[in-house]
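Here is a structure to read step by step. A reader asks, and an author answers.

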Amino acid sequence: MVIDCPACGAALMFDPETGKMKCDACDSLYDPSELKDDFQARGQKELKYSSFDEADNKTSTLKIKHDDTEKISLKLNDTEAPAVSSSPSQGLSLKREEGDVSFNPESTFDNPVYDHGDEASQEQLDLDNETMECKIYTCTSCGAEVAINDVEASTFCSFCGQPTVVFNRVDSQRKPKYIIPFSVTKETAIEVIRKRLNKGFFVPDAIKNFELERVRGIYIPFWLYDVYYHDKQYLKGKVGSGKNEHTYYYYREADCNFKEITLDASRQLNDESSQRLEPYYTNKMRPFALEYLSGFYADTYDVTTSEVDTLALQRAYALFQEAVNETIKAHSISVIKNAPDYKILKTQYAMFPAWFLTFRYEDVPYTLLVNGQTEKIVGGIPYDRGKVASSFAVLAVVFSVIATFVMYWLLQDTDSEGTMKLLITILIFAGSGMIAGFSNLKKVKESMKLTSSSATNNFVKNRGQ
Amino acid sequence: MFLLALLLGVFIGCSVSIFIIGNKVAKSNDIGNSKADFGDFASQMLNVIVQRDRISKP
Ligand SMILES: [Zn+2]
Ligand SMILES: [Zn+2]
């Protein structure tokens, strides 16, 4: 479906700058809610849109078996088979990455107390990991046939670029309750990245002058969890250091209400990437309307709440524990005994905006993310190895000379116990500083890996235009 | 003695440099490596019901 301009009939797109629907052809602006009323007034059009799945739009459905690509069964309304060449087959990699859950609590979350609010049951959905639905629709502007996968809610025609909302108006099952509309424009997203990269001392010049291969604004599906968490804990912690180190025991009973913990509901998008986009401010959410999708890409969820429940509770636990530990004046705190009690109070479904910008460096695609609400940038940038090496060399020479003199001076007085203690302390500090430095470098490399991961790249690449 | 001082000095010099470089590279190139925290999701502060410090070993 195309949301068209009441004045001239061209396609309307959501404009982040004004928060309104904009017509590129005649510059008219419309309020999304106002437009909705207008659609309802023009009942005929509404009827036509909702019949997206009917023959007049030549919709075809084809099922692709994941385990056996040879078995492609086509269920077509048309007699002629559509060109499958442009089918987003990469969408077949549906395995959710589980490695990033590092938390393993003493208490398991096998049987979460469950009390989902107003959400409809998800059992009816065909979420078989082995198959993927793929629809072929005909562009109303140029007549080309475009393949879209089952989760896509809006896209662009791959031939003429017309923004097209493919989400079915009657598909209430996958309709989000809320949406945070884009408030960051494409130009702003590019601008903030350019500014940030120019500030980075170790960012290679080639990256500072990046040429974008692809820029896409995508609405990501999210589950929002309201969780009540209560626990009684015995903990131990250490106070002091060296010979003066003592272990103490503590008891805490506390509870907390978490509101709208965000967990991405997209199988293809890496959880680590989506979590780094946080926080999204949910007080700016609006009731969902299809109009917001026009001019952007959008995915509906393909991960159900039953799959995310454990993750939501794990996050609640981690946040809870962090807060409990802060009430204890000790280090190396650990829980020795606890009796957690928790309840999922509500789950809601929403779409949040993000810009995905891909550039190439040394022939590897890197995809930076920009939160479409807050402008937060996410990305691990390759560093200029030459600059790192030369900076290290300069620092190492300077500090080695200073340290050598200090050491030489301290070694004159080896009989004194105080001097030896000082010397050993310095060495321990130096050693742990080295470890901290290497661990920081490792973190940068992990972020780079995430930014250049084919999963993220494909999430952006394998759609429409 | 000087040789030992030189050895330790180089070790310390390199360690300090790695510490500084690691921090600087992370600051410069690891953008947005953070997630929402307690305050972003909790509607109020942690409600501590019972708090006992330095108790005997349970
Ligand atoms: Zn117009
Ligand atoms: Zn077209």
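What follows is a set of questions and answers on this predicted model.

Reader: What ipTM does the predictor give the complex?
Author: The model is predicted, so confidence comes first. The predictor gives a pTM of 0.80 for the complex. The ipTM is 0.89.

Reader: What share of the residues of chain A reach a pLDDT of 70 or more?
Author: pLDDT is the predictor's confidence in each residue, from 0 to 100. Chain A has a mean of 80. The share that reaches 70 or more is 77%.

Reader: And what pLDDT does chain B average?
Author: In chain B, 100% of the residues score at least 70. The average is 93.

Reader: Over which residues of chain A does pLDDT stay under 50?
Author: The model still has 175 contacts for this stretch, counted beyond four places in sequence. Its confidence stays under 50 throughout. The stretch is residues 39-131.

Reader: How is chain A divided into domains, and how much area do the two bury between them?
Author: Domain 1 covers 1-46, and domain 2 covers 53-130 + 219-353. Twelve residues of domain 1 are in contact with nine residues of domain 2. Of the buried area, 69% is on carbon and sulfur atoms. The area is about 800 Å².

Reader: Which residues are the protein donors of the zinc ion (ligand 1)?
Author: Each donor atom is an SG, lying 2.3 to 2.4 Å from the zinc ion (ligand 1). In sequence the donor residues follow the spacing C-x2-C-x14-C-x2-C. They are A:C5, A:C8, A:C23 and A:C26.

Reader: What is the arrangement at the zinc ion (ligand 1)?
Author: Four donors count as tetrahedral if all angles lie between 85 and 135 degrees. Here the angles among the four donor atoms are 101 to 117°. The site is tetrahedral.

Reader: Is A:C23 buried or exposed?
Author: Buried means under 20% relative accessible area. A:C26, another donor of the zinc ion (ligand 1), is at 34% and counts as partly exposed. A:C23 has a relative accessible area of 0%, so A:C23 is buried.

Reader: Which residues are the protein donors of the zinc ion (ligand 2)?
Author: These donors also bind through SG atoms, lying 2.3 to 2.4 Å from the ion. Their spacing in sequence is C-x2-C-x14-C-x2-C. They are A:C139, A:C142, A:C157 and A:C160.

Reader: How many residues apart are A:C142 and A:C160?
Author: A:C142 is in the loop between β6 (131-138) and β7 (145-149). A:C160 is in the loop between β8 (152-156) and β9 (163-165). The pair links distant parts of the chain, and the separation is 18 residues.

Reader: Why is the arrangement around the zinc ion (ligand 2) called tetrahedral?
Author: The test is on the angles that the four donor atoms subtend. All must lie between 85 and 135 degrees. The arrangement is tetrahedral because the angles are 107 to 112°.

Reader: Which residues of chain A is B:F38 in contact with?
Author: B:F38 lies in helix α2 (residues 38-41) of chain B. B:F38 is buried, because its relative accessible area is 13%. Within chain B, its contacts beyond four places in sequence are B:Q44, B:M45 and B:L46. In chain A they are A:C256, A:F258, A:L319 and A:A323.

Reader: Which residues of chain B is A:E253 in contact with?
Author: A:E253 is in strand β12 (residues 246-264) of chain A. At a relative accessible area of 14%, A:E253 is buried. Its contacts include A:H230, A:D231 and A:K232. In chain B they are B:N47, B:V48, B:I49 and B:V50.

Reader: Which peptide bond is cis, with omega near 0°?
Author: Look in the loop between α5 (271-276) and β13 (286-287) of chain A, where A:P279 lies. The cis bond leads to this proline. It runs from A:E278 to A:P279.

Reader: What phi does A:D363 have?
Author: A:D363 is in the loop between β16 (341-361) and β17 (364-371) of chain A. At 64% relative accessibility, A:D363 counts as exposed. Although A:D363 is not a glycine, its phi is positive, at about 65°.

Terms used. Residues are numbered from 1 along each chain as its sequence is written. Chains are lettered from A and ligands numbered from 1 in the order in which they are written. This is a predicted model: local features need pLDDT of at least 70, side-chain atom pairs count only at pLDDT 80 or more; totals for chains, interfaces and linings use all residues. Side-chain values use heavy atoms; hydrogens and water are left out. Contact means heavy atoms within 4.5 Å. Donors are N, O and S atoms within 2.8 Å of the metal (3.2 Å for Na, K and Ca); water is not among the atoms, so sites may look incomplete. Four donors count as tetrahedral if all angles lie between 85 and 135 degrees; four count as square planar and six as octahedral if opposite donors are over 155 degrees apart and all others between 65 and 115; anything else is irregular. Helices (H or I, at least four residues) and strands (E, at least two) are DSSP runs, numbered from the N terminus. Domain bounds come from an automatic or database domain assignment. Buried area is the accessible area (1.4 Å probe) that two parts lose on being put together, summed over both. Buried means under 20% relative accessible area, exposed over 50%, partly exposed in between (1.4 Å probe, protein chains only).
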